[in-house]
Structure formats: structure tokens, C-alpha cells
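Reader: I've got this model open at the bench and I'd like a close look at one part of it. Could you walk me through one loop, then show me how the rest fits around it?

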Amino acid sequence: TRAVPAAPSILRRSRARRGGKRVRFAQVTVYYFARRQGFTCVPSAGGSSLGMAPRHHRARRYSLSQFAHLRQVSHRQHLRQHLRREKLRARRRELTQNGTVPSAEAAGLTLADVSDDDLDVGQVEVGDYFYLQPLPTKRRRALLRASGVRRIDAEERQELRALRLSREQCGCLCRLTCEPRTCACSQAGIQCQ
């Protein structure tokens with residue numbers, strides 16, 4: 001019997017053909033936008049979606065190492081704030097006798113009452129933790145007000161609720177064959193789902 005040589009890998013061939021050309025980035029440009037009420041995204045609950053102004057008000061250039069350092073510092077600050085809020089919730093629960101009887105002491109606690117010494121930031125790997133966290137409606141409204149948004153459109157709440165409800169219903173009610181007179185898909189001008 002004669003051994004048949006294995007076919008060359010297409011991956012190796014494409015690498016060889018590239019001739020070692022690589023794209024290298026030297027800088028990161030960060031654009032800063034003012035915060036506005038969104039009207040373009042649908043939060044999972046409540047109203048007051050977050051958005052940004054149509055034009056940036058500032059731009060900064062960073063080297064790759066500077067940008068990586070800034071992101072790490074920022075992520076660590078977010079993590080610290082998140083852990084501080086969790087610790088505050090836990091303390092309030094303890095002071096309200098397992099959440100059943102409210103106490104004045106628990107209501108008076110603020111984030112300032114949780115010190116950095118109470119947080120286990122060193123136990124959490126920042127890269128594993130950091131991802132976008134959903135924000136409750138109260139926090140979104142507070143962020144908008146802190147950013148200078150004077151009037152928050154209250155109608156957006158009903159519009160977002162209607163959008164969330166409409167997204168729960170997908171397709172039509174046809175079974176086996178399409179009934180164009182009653183088919184929501186057909187009436188919307190799309191193929192029957």
C-alpha cells in the first residue's frame with residue numbers, strides 16, 4: 001500500500017499567501033456625547049430610555065496602553081460602585097428584620113455608609129465581571145437629570161410598554177394554511193410566519 005499525502009490545510013495556504021502583512025493600531029480615539037433621553041432603545045422595564053446627543057462634544061486620543069489602563073480603572077470603579085450598592089441592600093435587609101419590618105435606621109443608610117474596606121474588590125476579576133448592567137428606571141431618570149435633561153418625556157413609558165407587548169407576539173395565528181383575510185403577516189405585507 002502506498003501512503004497518500006494529506007491535503008494541505010487551506011488555513012496554512014491563506015497565511016502563506018498573505019506574506020505576513022498585518023494591521024496594527026497605534027491609537028484609540030474616544031468620542032464623548034452628552035446624554036439625552038433615548039427614544040431609540042427599549043429597556044426591559046419602565047420608561048426613560050438612555051440615549052446620546054447627535055454630535056459629540058469632545059474627542060480624545062489615547063495610545064493603546066493608555067486606553068487599556070483607563071478602561072481597567074473605569075471598570076474597577078464601576079465594580080466598586082456595584083459592590084457598594086449590593087452591600088447597602090444587604091445591610092438594609094438585615095436591619096429590616098429579614099425584609100418584613102421597615103426600620104428608620106435602614107431607611108437612613110446611604111452609599112456613603114459603605115466604606116471601601118467593606119468591599120471585596122480583590123476577590124473579583126474585573127474582566128470577568130464587567131458587562132453592561134441593566135439600570136432600574138429610577139437610576140436612568142437620575143442619570144438624565146444629572147446630565148442636564150430638564151424635562152423627561154413621560155409618554156415614552158407607555159410607548160415602550162406597547163413596544164414590549166408587541167414584541168411578545170410574533171407571527172400570526174394561521175395553522176397549516178395561510179388565511180390572507182385574517183393573517184396579520186399577510187396584511188403587513190410579509191410572508192406568513
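Author: Ser48 sits in the loop between β1 and β2, where helices (H or I, at least four residues) and strands (E, at least two) are DSSP runs, numbered from the N terminus. Before going further: this is a predicted model, so local features need pLDDT of at least 70, side-chain atom pairs count only at pLDDT 80 or more, and totals for chains, interfaces and linings use all residues. Residues are numbered from 1 along each chain as its sequence is written, and side-chain values use heavy atoms, with hydrogens and water left out.

Back to the loop. Phi of Ser48 is near 55 degrees, a positive value in a residue other than glycine. That catches the eye because most residues other than glycine have a negative phi. Ser48 is also buried, with a relative accessible area of 2%; buried means under 20% relative accessible area, exposed over 50%, and partly exposed in between (1.4 Å probe, protein chains only).

Leu176 has a positive phi too, about 60 degrees, and is not a glycine either. Leu176 lies in the loop between α6 (155–168) and α7 (184–187), but its relative accessibility is 94%, so Leu176 counts as exposed. Go on into α7 and you reach Gln187, which is exposed as well, at a relative accessible area of 54%. Leaving aside residues up to four places away in sequence, Gln187 touches Pro180, Arg181 and Thr182; contact means heavy atoms within 4.5 Å.

Now the strands that flank Ser48. β1 covers 27–37, and β2 covers residues 50–63. In the loop between α1 (10–18) and β1 you'll find Phe25, exposed with a relative accessible area of 62%. Phe25 joins Val23 and Leu64 in a nonpolar patch on the surface, with about 350 Å² of accessible area together. Patches are made of residues with over 30% relative accessible area and no salt bridge (a side-chain nitrogen of Lys or Arg within 4 Å of a carboxyl oxygen of Asp or Glu). Like charges are joined within 9 Å, nonpolar side chains (Val, Leu, Ile, Met, Phe, Trp, Tyr) within 5 Å. The areas come from the Shrake-Rupley method with a 1.4 Å probe; for residues, only the protein chains shown count as cover.

Helix α2 runs over residues 64–95. Its 32 residues reach 47 Å from first C-alpha to last, close to the 46 Å expected at 1.5 Å a residue; that expected span is 1.5 Å times one less than the number of residues. Buried in α2 are His75, Leu79, His82, Arg84 and Leu88. Arg84 is also a handy marker: its C-alpha atom is 8.9 Å from that of Ala112, 28 residues apart along the chain. Ala112 belongs to the loop between α3 (104–108) and α4 (126–129), and counts as exposed at 70% relative accessibility.

Zooming out, the chain has 7 helices and 2 strands, in the order α-β-β-α-α-α-α-α-α from the N terminus. Buried residues make up 18% of the 193 residues. Of contacts with a separation of 6 or more, 61% come from residues 24 or more positions apart.

How confident is the predictor? The chain averages a pLDDT (its confidence in each residue, from 0 to 100) of 79, and 78% of the residues score at least 70. Confidence is lowest in α1, at a mean of 57, and highest in β2, at 93.

Terms used. pLDDT = per-residue confidence, 0-100.
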